[in-house]
Amino acid sequence: MQVADIMHTDVKSANAEDTFADVAKLMRTNGISSVVVLEGKKLGGIVNLVAAGGDPHSVKVVHGMTRRDLETIGPKMEIAEAAEHMATRNIRHLPVVDRGKVVGIVSIRDLTRWAAEELAGGHEMPDIATSHKALQAASDLQKQRRKGA
């Protein structure tokens, strides 16, 4: 199974000139914890949480988004490979890019939800190996987050 089969295509985005208050409202309204920053139609960065300090109504996203070493994946990547990619790099959200354009986003939550449904869904032949990798990646990320806290 590929990332394209489980990714969210309704990607919530901001631009670099939006404020953190704008992004926080977008996250709260949509129940999400990550927003991609677009420069035109291309990925410019990602905002995972609103930073502490500064006035969120005046601080621009460009001053706090992840820009360097921004990780992306393609829609044809296998789910197990995406899970390993997330765990290895200690990231919870991956923008999905095809030919330079953001076409989706996948989170570790999406991977664990898929794995749970795959294993509990009554499939005659569940994808046990991929489900295990997705769940293991989520577990690894959780352990890494606890160590960093």
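This report describes strands, helices and nonpolar cores in a predicted model.

## Strands E1, E2 and E3

Strand E1, which covers residues 13–15, runs parallel to strand E2, residues 35–39, and three bridges join the two. Within this pairing, Ser 13 is the residue that stands opposite Val 36 of E2. Together with helix H1, which spans residues 20–30, the strands E1 and E2 make a β-α-β unit that is right-handed.

On the way to strand E3, residues 42–47, the direction changes, for E2 and E3 run antiparallel and are joined by five bridges. Val 37 has Gly 45 in E3 as its bridge partner, and in the hairpin that these strands form, with two residues between them, Gly 40 takes a positive phi near 75°.

## The nonpolar cores

The largest nonpolar core has 22 residues, and those that touch the most other members are Val 3, Ile 73, Met 86, Val 106, Ile 108 and Leu 111. Two or more residues each come from helix H2 (79–89), strand E4 (93–98), helix H3 (108–120) and helix H4, and H2 gives the largest share, five residues. Apart from this core lies another, of 10 residues, which includes Val 23, Met 27, Val 35 and Val 61.

Looking at one member of the largest core, Val 3 touches residues that include Ile 73, Met 77, Ala 82, Val 96 and Val 106, when residues up to four places away in sequence are not counted.

## Thr 130 in helix H4

Helix H4, residues 128–148, contains Thr 130. Is this residue buried or exposed? Thr 130 counts as buried because its relative accessibility is 13%, which is under the 20% cut-off. Leaving out residues up to four places away in sequence, Thr 130 touches Ile 79, Ala 80 and Trp 114.

Note on methods. Residues are numbered from 1 along each chain as its sequence is written. This is a predicted model: local features need pLDDT of at least 70, side-chain atom pairs count only at pLDDT 80 or more; totals for chains, interfaces and linings use all residues. Side-chain values use heavy atoms; hydrogens and water are left out. Two strands pair if DSSP finds at least two bridges between them. Helices (H or I, at least four residues) and strands (E, at least two) are DSSP runs, numbered from the N terminus. A crossover is right-handed if, with the strands pointing away from the viewer, the path from the first strand over the helix to the second runs clockwise. Buried means under 20% relative accessible area, exposed over 50%, partly exposed in between (1.4 Å probe, protein chains only). Contact means heavy atoms within 4.5 Å. A nonpolar core is a set of buried Ala, Val, Leu, Ile, Met, Phe, Trp, Tyr and Cys residues joined through side-chain atoms within 4.5 Å.
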